[in-house]
Amino acid sequence: MHEEIKKMLNHVTEYATELLHETGDCYPFGAFIDRANNVHPLEMEIDKNNIPQLQKVVDALNTYCQTEFENKNIRGYCVSYEVRLTLGENETTDAIAFDITHVSEPNLPLFYL
């Protein structure tokens with residue numbers, strides 16, 4: 001795995017863990033790697049009086065990042081969101097998915113926490 005991907009994955013897992021400990025919840029967020037190989041957090045500002053559906057937030061984060069990625073303004077990005085995983089027959093668990101895109105590895109799997 002490319003070092004930039006590890007760096008970004010460390011950043012988002014640490015942030016997700018902090019969110020879970022502080023709030024018990026994990027609202028969609030992301031991170032991106034700039035052209036100088038620095039990781040930056042990415043969140044949407046939310047009006048507490050008009051909270052959008054979670055999928056709309058995920059879509060907006062993906063759209064923004066994909067546009068920046070295609071314009072070569074960033075080297076990679078990660079969008080993180082809550083999911084429900086099926087572990088076995090009749091067994092499920094909540095998790096956080098990390099969907100990563102990076103210039104060096106085009107077909108990365110989803111990572112989970």
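## Helix H2

In this predicted model, helix H2 comprises 17 residues, from 54 to 70. At 1.5 Å a residue, H2 should span 24 Å, and the C-alpha atoms at its ends are indeed 24 Å apart, so the expected and modelled spans agree.

Just beyond H2, lysine 72 adopts a positive phi of about 60 degrees.

## The two sides of H2

Which residues of H2 are buried? They are Val57, Val58, Leu61, Cys65, Glu68 and Phe69. These residues cover an arc of only 105 degrees around the axis, which means that they lie on the same side of H2. A general rule helps in reading such a pattern: an α-helix has 3.6 residues a turn, so residues three or four places apart point the same way.

The other side of H2 carries the exposed residues Lys56, Thr63 and Glu70. The buried residues of H2, by contrast, are covered by elements that include the strands E1, E2 (39–42), E3 and E4.

## The strands

Strand E3 (residues 74–88) pairs with E1 and with E4. Strand E1 (residues 29–34) runs antiparallel to E3, and six bridges join the two. Within this pairing, alanine 31 of E1 stands opposite cysteine 78 in E3.

Strands E3 and E4 (residues 91–102) are also antiparallel, with 12 bridges between them. Glycine 88 has glutamate 91, in E4, as its bridge partner. The hairpin of E3 and E4 has two residues between the strands, and in this hairpin asparagine 90 takes a positive phi near 65 degrees.

Notes: Residues are numbered from 1 along each chain as its sequence is written. This is a predicted model: local features need pLDDT of at least 70, side-chain atom pairs count only at pLDDT 80 or more; totals for chains, interfaces and linings use all residues. Side-chain values use heavy atoms; hydrogens and water are left out. Two strands pair if DSSP finds at least two bridges between them. Helices (H or I, at least four residues) and strands (E, at least two) are DSSP runs, numbered from the N terminus. The expected span of a helix is 1.5 Å times one less than its number of residues. Buried means under 20% relative accessible area, exposed over 50%, partly exposed in between (1.4 Å probe, protein chains only). The arc is that of the directions from the helix axis to the C-beta atoms. Contact means heavy atoms within 4.5 Å.
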